[in-house]
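Open the model in your viewer and keep the selection tool handy. We will take it stop by stop, so there is no need to hurry.

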There are 2 protein chains.
Amino acid sequence: MEGVTEVCERARRAAAAVARSSGEQRDAALEGMAGALIASREEVLEANGADVSAAAGRGESRTVVDRLTLTEARLESMGTALEAVAAQPDPVGEVVEEWTRPSGLTIQRVRAPLGVVAVIYEARPNVTTDVAGLCLKAGNACILRGSSIAHRSNNAVATALRRGLEAAGYPADAVQLVGDTSRAAALELMRSQGSIDLLVPRGGRALIESIEQNATVPYIIDGDGNCHVYVDAAAEPAMARRIVLNAKTQRPSVCNAAETLLVHKRLASDWLRGCLEDLAAAGVEVRGDDRAKKAYSAALDASEEDWATEYLDLVIAVRVVDSIDEAIQHINRYGTSNAEAIVTQDGDAAARFVREVDSGSVFVNASTRFSDGGEFGFGAEIGISTQKLHARGPMGARELTSIKSVVWGSGQVKE
Amino acid sequence: MEGVTEVCERARRAAAAVARSSGEQRDAALEGMAGALIASREEVLEANGADVSAAAGRGESRTVVDRLTLTEARLESMGTALEAVAAQPDPVGEVVEEWTRPSGLTIQRVRAPLGVVAVIYEARPNVTTDVAGLCLKAGNACILRGSSIAHRSNNAVATALRRGLEAAGYPADAVQLVGDTSRAAALELMRSQGSIDLLVPRGGRALIESIEQNATVPYIIDGDGNCHVYVDAAAEPAMARRIVLNAKTQRPSVCNAAETLLVHKRLASDWLRGCLEDLAAAGVEVRGDDRAKKAYSAALDASEEDWATEYLDLVIAVRVVDSIDEAIQHINRYGTSNAEAIVTQDGDAAARFVREVDSGSVFVNASTRFSDGGEFGFGAEIGISTQKLHARGPMGARELTSIKSVVWGSGQVKE
């Protein structure tokens with residue numbers, strides 16, 4: 001099987017060609033990729049069928065099989081995402097800021113492609129199109145390393161995308177799928193210093209720990225989502241109930257679903273009872289601290305471990321706090337820097353929360369479920385960064401650029 | 001000696017206090033730190049004298065001893081840098097962009113402090129004040145790990161800064177100097193995952209390689225500066241001579257000094273001869289390729305190794321190129337992404353160069369020596385990033401922030 005080194009070298013050459021092309025050309029290629037994907041629907045669905053049968057035959061969980069499964073509708077939405085990415089403004093060449101110095105030098109901060117972006121991901125074949133599309137949009141080549149369980153699907157999708165790229169005059173190697181789905185190949189990617197400009201791992205704890213321990217290439221962690229909703233003393237009660245219910249139950253298996261509810265003590269009686277009854281009626285298991293259990297006796301005991309757990313399931317931990325300070329402290333201690341919300345009509349409380357909560361996205365009077373590249377308007381997302389450097393929260397094409405300084409002079413030399 | 005773990009814990013607590021304070025309070029503290037430094041001039045100069053004698057006694061190079069030495073004037077300029085940092089706009093809370101979604105959600109990208117910033121650096125005591133000042137400006141606590149050679153000086157400077165911080169109502173631990181200057185302590189810092197939000201190594205190849213191999217904390221590399229000046233076919237000849245001479249000789253020991261001169265073949269005769277004679281007259285050893293030697297027979301042979309060397313000395317490598325393409329390829333192959341310049345009156349050539357050269361800072365008709373936080377207007381600098389993620393080129397206080405999303409709603413839930 002082909003080596004990671006060769007894949008990286010081909011990506012570097014393709015990246016140079018992509019970086020030289022115009023935004024219009026890249027958008028045309030994205031449209032072409034969408035068209036080629038739809039034109040290949042039969043091959044893709046057939047390959048996916050084989051992956052799905054093999055996975056079901058091996059006894060993979062329903063969630064995994066569901067994530068893996070492509071349908072006509074899902075395939076079409078993958079094409080639509082490529083078109084949505086094409087419709088975004090071109091990030092390459094964007095002048096982020098500009099100023100002139102007393103020396104007469106004008107300094108511009110300009111977005112430029114990163115070069116080669118690699119993504120290691122799990123079962124969902126739509127990641128293949130999202131990543132390929134956003135990378136091309138930002139002028140980069142990409143290296144895709146999906147999981148073996150989805151390899152036939154990913155391969156069929158990547159083949160279609162490469163066909164679209166070539167038809168638009170780009171080297172097919174601007175999108176490459178790594179054939180070797182072994183751990184050794186993933187490790188080689190992580191250690192391909194100088195060949196990969198950004199690695200984004202989209203996977204579980206084991207992958208992330210392996211990256212943290214082994215990677216020598218720059219990376220951005222798409223980590224866990226232990227998300228919080230804090231219902232403040234000054235919350236509008238009906239809105240708070242609606243937001244809590246939505247954040248927990250609208251799609252509990254995703255990283256921006258809420259896992260812990262923090263409630264100001266002033267709402268710890270009737271309001272909390274009603275809210276937890278709503279959740280229980282929606283099938284949610286409630287685990288509370290002593291004061292929460294006082295309001296809602298059917299709650300189970302929340303342990304220290306619950307505060308730190310991303311359930312990804314119909315379970316919620318509930319804690320009553322004395323103040324917004326206590327809520328902020330709790331979040332900063334147990335949160336994973338994905339998305340947190342406050343429900344309040346008090347502008348000062350909102351201002352403190354958004355300033356002091358250390359998280360990628362902080363919501364005021366809205367569900368944490370909006371922490372998402374699509375909802376932010378990026379067309380698709382490369383992942384949700386849970387780290388602080390370079391990008392936090394949902395990442396679109398702009399997060400796949402670097403910002404360089406372009407300095408315009410008229411002969412200036414340093415005295 | 002005190003452990004790195006305790007230092008990190010104290011920094012985390014101090015960082016929370018700093019982050020909660022206002023920009024006015026932080027600026028007042030910066031002024032106070034400048035005042036305390038000047039007030040401690042005697043202790044600082046005495047401690048520095050002891051470091052300098054010890055270093056000279058051990059036979060350290062003149063360059064090292066010179067970098068280490070403080071004078072009244074240098075001490076004052078350290079205070080002035082703190083005041084210049086105080087005079088900068090407050091990066092914390094800056095709304096970088098803002099947009100509203102069809103859902104009615106308004107999304108703001110807001111700068112927030114990183115938290116705890118650690119810097120590992122070499123002999124120069126002014127780094128102590130620059131780093132402490134910029135970190136405080138951006139709402140962070142800092143951990144300083146200087147080299148043993150400067151420890152008495154750094155300790156006296158840090159003591160003064162901490163006095164200034166406390167007088168301004170901040171915990172002194174917002175600025176901490178690590179007492180243990182061993183390699184083991186540096187390694188522990190690199191691996192203090194979760195305790196350090198950013199590590200900036202300012203040192204040689206060995207330190208950077210150690211970080212790349214061992215670090216589990218986020219870091220930004222302040223790497224080598226193999227900087228290039230490309231003199232285009234359409235260069236204004238006198239300007240080009242002035243810029244080349246300045247970029248090479250104004251201060252050859254620093255990372256933004258030019259190391260390689262690339263000249264378009266159209267200027268490879270008389271102009272090149274004159275330019276290289278200028279350089280030789282300034283004491284520069286010239287190493288050229290065959291065509292450069294044809295123009296200037298006194299040149300030594302440039303080898304493959306020369307193209308990749310950061311001399312930091314009065315030596316220059318010279319290559320004649322057939323085209324701007326060849327110049328760009330050369331730079332992208334051998335450059336270290338610090339600073340590169342083109343001299344040209346041709347707008348198209350300039351546009352291509354700034355777009356296609358993969359470097360932190362790209363200069364048009366100006367010396368590479370302007371790749372510097374002070375020259376960019378940052379008051380001081382935390383270093384010059386030679387990587388692509390988060391920050392490229394000179395880093396000031398803004399580069400010590402992260403950007404989080406603050407999303408304002410009115411009860412939105414996801415359908």
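The tour below goes from the contact between chains to a helix and then to a single residue.

Before you start: this is a predicted model, in which local features need pLDDT of at least 70 and side-chain atom pairs count only at pLDDT 80 or more, while totals for chains, interfaces and linings use all residues. Residues are numbered from 1 along each chain as its sequence is written, and chains are lettered from A and ligands numbered from 1 in the order in which they are written.

**Stop 1: where the chains meet**

Show chains A and B together. Here 54 residues of chain A are in contact with 53 residues of chain B (in contact: C-beta atoms, placed from the backbone, within 7 Å). On the chain A side, the largest share, eleven residues, comes from strand E16(A). Helices and strands here are DSSP runs numbered from the N terminus, with at least four residues for a helix (H or I) and at least two for a strand (E). Colour that side by class and you will find 21 nonpolar, 21 polar and twelve charged residues; Ala, Val, Leu, Ile, Met, Phe, Trp, Tyr, Cys and Pro count as nonpolar, Asp, Glu, Lys and Arg as charged, and the others, Gly among them, as polar.

Next, select E13(A) and strand E16 (residues 401–412) of chain B: five bridges join them, and they run parallel (strands pair if DSSP finds at least two bridges between them). Within E16(B), look for Trp408(B), the bridge partner of Val364(A).

**Stop 2: a helix in chain B**

Select helix H1 (residues 4–20) of chain B. Its 17 residues should span 24 Å at 1.5 Å a residue, and its end C-alpha atoms are 25 Å apart, which agrees (the expected span is 1.5 Å times one less than the number of residues).

Its buried residues include Val7(B), Ala11(B) and Val18(B) (buried: 20 or more other C-beta atoms within 10 Å of its own; exposed: 12 or fewer; partly exposed in between; C-beta atoms placed from the backbone). Look down the axis of H1(B): the buried residues fall within an arc of 135°, so they line one face of the helix (the arc is that of the directions from the helix axis to the C-beta atoms). On the other side, Thr5(B) and Glu6(B) are exposed.

**Stop 3: one residue in a strand**

Finish at Ile316(B), in strand E11 (residues 315–321) of chain B. Is Ile316(B) buried or exposed? It counts as buried because it has 29 C-beta neighbours inside 10 Å. Leaving aside neighbours within four places in sequence, Ile316(B) is in contact with residues including Lys248(B), Leu261(B) and Val286(B).

How values were computed:
Contact = placed C-beta atoms within 7 Å.
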